Amino acid sequence: MPRLRRQHLPQTATVTPFEGDGAEGDVWGAPVAGIPCYAEQKTRLRVDRRSTSPTSGQEITSTATVVLLPEHDYPPRTKVTIFAGTPRERTSEVIDSALGMYNARTPNHVELYLE
């Protein structure tokens, strides 16, 4: 099976990476628009990996999953906007992520589970 390619990802996302905690609160990087993705609204239970969340470590509901190329691996608390310009447009934080790196013959990818 070939590598997952941009052409297999029909949508785009805007990602505002979480960079950490600063003296005056949370610090996010500059938004990066036009990242190719596959976004799916589907409810799943995930463990909350956001360290400062009141539900940290607990199972919570993820209402959207975003599949990205492996070079777009983002940590929990990153803000992701999907379905921009449609009635379903939403911006959510990443609660957990999964990296699927198998071998050169499989479609390696990153899955972000959104709040």
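The largest nonpolar core of this predicted model holds 16 residues. Among these, Val 66, Leu 68, Val 80, Ile 82, Leu 112 and Leu 114 touch the most other members. Five elements each give two or more residues to this core: β1 (11-16), β4 (32-47), β5 (59-68), β6 (79-82) and β8 (109-114). Val 66 shows how these parts meet. Leaving out residues up to four places away in sequence, Val 66 touches Cys 37, Tyr 38 and Ala 39. Val 66 also touches Ile 82, and beyond that Val 110, Glu 111, Leu 112 and Leu 114.

The strands around this core form a closed arrangement. Six of them close into a barrel, in the order β1-β4-β5-β8-β7-β6. The pairing is antiparallel. On average, neighbouring strands of this sheet are turned by 50° against each other, with direction ignored. In general, strands of a sheet pair through backbone hydrogen bonds, in a parallel or an antiparallel sense.

Two of the pairings can be followed residue by residue. β1 and β4 pair over four bridges, in the antiparallel sense. Here Thr 12 stands opposite Pro 36 in β4. β4 and β5 also pair in the antiparallel sense, over eight bridges. In this pairing, Tyr 38 stands opposite Val 67 in β5. Gln 41 stands opposite Ala 64 in β5.

Confidence in the model was examined next. The protein chain averages a pLDDT of 85, and 94% of the residues score at least 70. Confidence is lowest in β5, at a mean of 85. Confidence is highest in β6, at 96. Where pLDDT is low, predicted coordinates should not be read in detail.

Strand β5 was then considered at two further positions. Thr 65 is found in this strand. Its relative accessibility is 4%, so Thr 65 counts as buried. Setting aside residues up to four places away in sequence, Thr 65 touches Tyr 38, Ala 39, Glu 40 and Arg 44. Thr 65 also touches Glu 111, Leu 112 and Tyr 113. Ile 60 lies in strand β5 as well. Ile 60 counts as buried because its relative accessibility is 15%, and the cut-off is under 20%. The C-alpha atoms of Ile 60 and Leu 45 are separated by 5.5 Å, although these residues are 15 residues apart along the chain. Leu 45 is also among the residues that Ile 60 touches. The others listed are Arg 44, Arg 46, Asp 48, Arg 50, Thr 55 and Ile 95, again not counting residues up to four places away in sequence.

The loop between β5 and β6 contains two residues of note. One is Thr 78. Thr 78 has 0% relative accessibility and therefore counts as buried. A polar atom of the Thr 78 side chain lies 2.8 Å from the backbone oxygen of Pro 75. Leaving aside neighbours within four places in sequence, Thr 78 is in contact with Val 15, Thr 16, Pro 17 and Phe 18. Further contacts of Thr 78 are Trp 28, Ser 92, Glu 93 and Val 94. The other is Arg 77, found in the loop between β5 and β6. Arg 77 is buried, with a relative accessible area of 7%. Its phi is positive, at about 85°, although Arg 77 is not a glycine.

A positive phi also appears in the loop between β6 and β7 (90-100), where Phe 83 is found. Phe 83 has a phi of about 55° and is not a glycine. Most residues other than glycine have a negative phi. Phe 83 has a relative accessibility of 19% and so counts as buried.

Glu 24 offers a view of the outer surface. Glu 24 is found in the loop between β2 (18-22) and β3 (25-28). Its relative accessible area is 84%, so Glu 24 is exposed. The C-alpha atoms of Glu 24 and Ala 98 are separated by 30 Å. Along the chain, Glu 24 and Ala 98 are 74 residues apart.

Key. Residues numbered from 1 in each chain as written. Predicted model: local features only at pLDDT ≥ 70, side-chain atom pairs only at ≥ 80, totals over all residues. Heavy atoms only, no water. Core = buried A, V, L, I, M, F, W, Y, C linked by side-chain atoms within 4.5 Å. Buried < 20%, exposed > 50% of the residue type's maximum accessible area, 1.4 Å probe, protein only. Contact = heavy atoms within 4.5 Å. Pairing = 2+ DSSP bridges. Axes fitted to C-alpha atoms, helices over the stretch in contact; angles between N-to-C directions. pLDDT = per-residue confidence, 0-100. Polar contact = N/O pair within 3.5 Å; in protein donor to acceptor, adjacent residues only side chain to side chain.
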